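This briefing introduces selected features of one structure to a reader who has not met it before. Please keep the sequence and the model at hand while reading the points that follow.

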Amino acid sequence: MEIEPIAFIMNDYKEKFGIPRQSGLVSLPSKIVLEPQFRDKNALRGLEDFSHIWLIWGFSEAKVNGFSPTVRPPRLGGNVRKGVFATRSPFRPNSLGLSVVKLESTDGFTITVTGADIMDGTPIYDIKPYLPYADSVPNASNGWSLSEHGGLLAVNFPENLLEIFPESKRQGLLETLAQDPRPQYQNSPERVYTMAFGKQQVSFRVDGGELTVTGVTENEKP
């Protein structure tokens, strides 16, 4: 089977570092723009009736060299191996991702969503409605993933630096930082990390349960 992108996503996550590890954790808006050959007004008819949608997309930045049956999830410190099919690692036989996002609006052939855990420019291969009566399993087991999430960080973002960003994106940026973008095995309070966000680079330190933004500079990448 051959597949081709039906759309591409546009948002402020310009690099892999800092992207939320799961969908639905951050309320940052993203735009999904359909490719010209799929711009038929009938293709989106009725989509606005749903509150959430599934996105099937490609890990376009993941370089896979052959099949590896196990991976090392970063949130487990990179020292514990799990079966690739027991993880959401991008390094899999077919580099496909699956995310549920909140549908905010449709405008022509552009769909605005929030909650995407997807990098800017990522190809979207399919869009399907989320059906709560069938897709939600309230009593499902979290498996080993409960040990992944260590809680949210308190974010200290100086007001003069936060005001550099458009007001509509500030909450999403704060939520992204609160998720702790760092790999689990990096916990030095002296280390300065830099995360690309839109047209800026955000530098920060983490000490215990608090993240402090130390600077915002212009992003050299377009």
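In this predicted model, the side chains of D120 and K14 meet in a salt bridge, with 3.3 Å from N to O. D120 lies in the loop between β7 (110-114) and β8 (123-129) and K14 in the loop between β1 and β2, so the pair ties together parts that are 106 residues apart in sequence. A search of the whole structure finds three salt bridges, and the points below take up each of them before turning to other sites.

**Salt bridges**

- Side chains of opposite charge can pair when their charged atoms come close.
- In the bridge between D120 and K14, D120 is partly exposed because its relative accessible area is 27%, between the limits of 20% and 50%.
- Its partner K14 also counts as partly exposed, at 30% relative accessibility.
- A salt bridge also joins the side chains of D12 and K169, at 3.0 Å from N to O.
- This pair links distant parts of the chain, 157 residues apart: D12 is in the loop between β1 (7-10) and β2 (29-34), while K169 belongs to helix α3 (residues 167-178).
- D12 counts as buried because its relative accessibility is 9%, which is under 20%.
- K169, by contrast, counts as partly exposed, with a relative accessibility of 25%.
- R182 forms a salt bridge with D180, and the closest N and O atoms of this pair are 2.8 Å apart.
- Both residues of that pair, R182 and D180, are buried.

**The loop between β1 and β2**

- E15 has its place in the loop between β1 and β2, the loop that also holds K14.
- With a relative accessibility of 21%, E15 counts as partly exposed.
- The C-alpha atoms of E15 and I118 are separated by 9.8 Å, although the two residues are 103 residues apart along the chain.

**The surroundings of S89**

- S89 is found in the loop between β5 (82-83) and β6.
- S89 is buried, its relative accessible area being 11%.
- A polar atom of the S89 side chain lies 3.1 Å from the backbone nitrogen of F91.
- Not counting residues up to four places away in sequence, S89 touches F59 and V71.

**Q200 in strand β11**

- Q200 is located in strand β11, which covers residues 200-207.
- Q200 is buried because its relative accessible area is 13%, a value under 20%.
- Leaving aside neighbours within four places in sequence, Q200 is in contact with I164, F165 and M195, and also with V216, T217, E218 and N219.

**A nonpolar surface patch**

- M1, I3 and L96 make a nonpolar surface patch of about 380 Å².
- Of these residues, L96 lies in strand β6 (residues 96-107).
- L96 counts as partly exposed at 37% relative accessibility, a value over the 30% needed for a residue to belong to a patch.

Note on methods
Residues numbered from 1 in each chain as written. Predicted model: local features only at pLDDT ≥ 70, side-chain atom pairs only at ≥ 80, totals over all residues. Heavy atoms only, no water. Helix = DSSP H or I, 4+ residues; strand = E, 2+ residues; numbered from the N terminus. Buried < 20%, exposed > 50% of the residue type's maximum accessible area, 1.4 Å probe, protein only. Contact = heavy atoms within 4.5 Å. Salt bridge = Lys/Arg side-chain N within 4 Å of Asp/Glu carboxyl O. Patch = residues over 30% accessible without salt bridge, like charges linked within 9 Å, V, L, I, M, F, W, Y side chains within 5 Å. Areas by Shrake-Rupley, 256 points an atom, 1.4 Å probe, with all protein chains shown as cover. Polar contact = N/O pair within 3.5 Å; in protein donor to acceptor, adjacent residues only side chain to side chain.
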